[in-house]
Amino acid sequence: MSDPFENLASSLTAPATSAFAVVPDDDDILPSVPRAFWIGASGNVTFLMKDDDEPVTLLNVPDATLLPCRAVKVMATGTTATGIVGLL
């Protein structure tokens, strides 16, 4: 398969090239810090952002939302949204 963009540098504004399912967890950090998160089903999402010491909760995130957040954790406590995917 040909990829005409393979020699271009990836950036935070470039499309994702990899993804992983996110299971909210209060203890474990994510395997990688994604460039964004896909929220499949609406609800609240509690993140521990890359440069913060305290979690933050985003309330009432709608279905099918792309959140350009760089977080190290998606906390189980406070997260009610489902179908969360980390995009790299």
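In this predicted model, Thr65 makes contacts with Phe37, Trp38 and Ile39 once its neighbours within four places in sequence are set aside. Thr65 itself sits in strand β5, which covers residues 65–67. With a relative accessible area of 15%, Thr65 falls under the 20% cut-off and so counts as buried.

One of those partners, Phe37, also turns up in the aromatic part of the story. There's just one aromatic pair in the structure, and Phe37 makes it with Phe47. The ring centres are 4.9 Å apart and the planes meet at 40 degrees, which puts the pair in the tilted class. The two rings come from distant parts of the chain: Phe37 belongs to strand β2 (residues 36–41) and Phe47 to strand β3 (residues 43–49), ten residues apart. Phe37 counts as buried because its relative accessibility is 0%, and Phe47, with a relative accessible area of 0%, is buried too.

Both phenylalanines show up again in the largest nonpolar core, a set of 14 residues. Val22, Phe37, Ile39, Val45, Phe47 and Val74 are the ones with the most contacts inside that core. As for where its residues come from, β2, β3 and β6 (71–75) each chip in at least two.

Val45, another of these well-connected core residues, has quite a list of partners. Leaving out residues up to four places away in sequence, Val45 touches Ile39, Val56, Thr57, Leu58, Val61, Val74, Gly78, Thr79 and Ala81. Ile39 thus appears among the contacts of Val45 as well as among those of Thr65.

How values were computed: Residues are numbered from 1 along each chain as its sequence is written. This is a predicted model: local features need pLDDT of at least 70, side-chain atom pairs count only at pLDDT 80 or more; totals for chains, interfaces and linings use all residues. Side-chain values use heavy atoms; hydrogens and water are left out. Rings of Phe, Tyr and Trp (its six-membered ring) pair if their centres lie within 6.5 Å; planes under 30 degrees apart count as stacked, over 60 as edge-to-face and the rest as tilted. Helices (H or I, at least four residues) and strands (E, at least two) are DSSP runs, numbered from the N terminus. Buried means under 20% relative accessible area, exposed over 50%, partly exposed in between (1.4 Å probe, protein chains only). Contact means heavy atoms within 4.5 Å. A nonpolar core is a set of buried Ala, Val, Leu, Ile, Met, Phe, Trp, Tyr and Cys residues joined through side-chain atoms within 4.5 Å.
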